[in-house]
Amino acid sequence: MGFWDGKADRTPHQNGRQSWAALKAMSNGPRRAVLDQALLGMCAVSLDTSTDANDEGRVTLDGETIVTLKKPTNAFLADKQLRFLRTYADLRGDRLSEIVMQTGDIQSFFALVGYMAPDATKWTLALNQAIYRLCTMIEQPLKHAFDVARPIAMTAKVQPIIQTPGHGSWPSGHATESFASATLLTRLFYNRGFDPVQEIANGNELYRHAERIAMNRTVAGVHFPTDSMAGAVLGVTLAEALVRLLDGETEVKARTFNGDTYEGDFTLKALTDALDGNTVVQTTSVTFSQDIVPAWLRRLWDDAKEEW
């Protein structure tokens with residue numbers, strides 16, 4: 001309103017401010033995009049694209065493999081895993097309500113262990129939801145490449161109590177996301193040293209919820225136990241690596257899951273045994289430079305830790 005000669009008469013407060021301050025000033029949508037690009041930019045899925053028969057997939061972090069998954073054949077699943085679906089079906093009456101809720105919301109179950117409110121734990125929620133989105137961007141290319149059949153494709157008698165998803169069964173996305181979330185939140189919720197393998201062995205509250213979320217997918221009739229084992233190994237390893245890098249460490253665990261030979265059930269005990277041994281899961285170490293973590297992401301991590 002009024003005459004303007006085209007000259008500036010204000011000094012932008014953005015001049016020279018740190019990237020963390022710029023991120024905090026962004027609205028939720030753009031901030032999510034920046035966070036997602038940073039996390040996904042560090043990670044990638046490696047597959048043999050020269051053939052349609054992808055028997056092995058790898059997840060890399062800054063070009064180094066941290067997860068290797070060897071898929072089972074459909075014949076192997078029909079012979080060794082399908083029987084579990086009949087046993088788990090007896091729990092459907094008890095689990096139906098939570099199974100239905102978990103089709104679209106698993107974060108609320110972890111809020112039973114630690115408060116998760118937008119005002120009180122803003123940055124914890126931002127990171128946790130970013131982990132879910134990162135898992136989706138990793139698990140879906142693996143599901144597409146492996147193209148493992150769902151239980152309903154092997155027998156009409158399984159009769160799932162929810163709609164069977166229209167993509168591959170292995171690895172389980174629910175298991176990947178719930179175990180990644182449990183790993184991240186274990187670091188934040190509990191005031192003790194960060195050791196996911198020991199926490200799984202001890203059965204902390206977060207991992208118990210992750211176990212139940214994963215198992216419920218077998219109860220529902222849409223996943224095999226091995227799907228959950230693959231997802232758990234993927235989710236734990238991915239989140240553990242990110243947490244250790246955010247904590248300023250340079251050495252992270254790399255794991256291989258031999259899903260092509262795993263016949264067993266999925267429980268925290270089975271996962272503990274797999275992580276402790278060298279048959280079902282092999283564990284090695286990879287060293288990274290701290291330079292791969294943006295400065296603003298470290299500040300976000302510091303603020304998330306301060307919420308607890």
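A salt bridge here is a side-chain nitrogen of Lys or Arg within 4 Å of a carboxyl oxygen of Asp or Glu. The model is predicted.

**Exercise 1.** Which residue forms a salt bridge with D79, and how far apart are the closest N and O atoms?

*Solution.*
1. Recall the principle: side chains of opposite charge can pair when their charged atoms come close.
2. The partner of D79 is K80, with the closest N and O atoms 3.6 Å apart.
3. The cut-off is 4 Å, so the pair qualifies.
4. Now check exposure. D79 has a relative accessible area of 54%. Exposed means over 50%, so D79 is exposed.
5. K80 is at 27% and is partly exposed.

**Exercise 2.** Trace the salt bridges of D247 and place each partner in the chain.

*Solution.*
1. Start with R187. Its closest contact to D247, N to O, is 2.7 Å.
2. R187 sits in helix α8 (residues 173–189), while D247 lies in the loop between α11 (225–246) and β4 (251–258). They are 60 residues apart, so this pair links distant parts of the chain.
3. Next, take K305. Its closest N and O atoms with D247 are 3.7 Å apart.
4. K305 belongs to helix α13 (residues 295–306), 58 residues from D247.
5. Compare accessibility. D247 is partly exposed at 27%. K305 is also partly exposed, at 27%.

**Exercise 3.** How many salt bridges does the rule give, and which residues are linked in a network with R212?

*Solution.*
1. The count is 15 salt bridges.
2. D94, R95 and E98 are linked with R212 in a network of salt bridges.

Definitions and conventions: Residues are numbered from 1 along each chain as its sequence is written. This is a predicted model: local features need pLDDT of at least 70, side-chain atom pairs count only at pLDDT 80 or more; totals for chains, interfaces and linings use all residues. Side-chain values use heavy atoms; hydrogens and water are left out. Buried means under 20% relative accessible area, exposed over 50%, partly exposed in between (1.4 Å probe, protein chains only). Helices (H or I, at least four residues) and strands (E, at least two) are DSSP runs, numbered from the N terminus.
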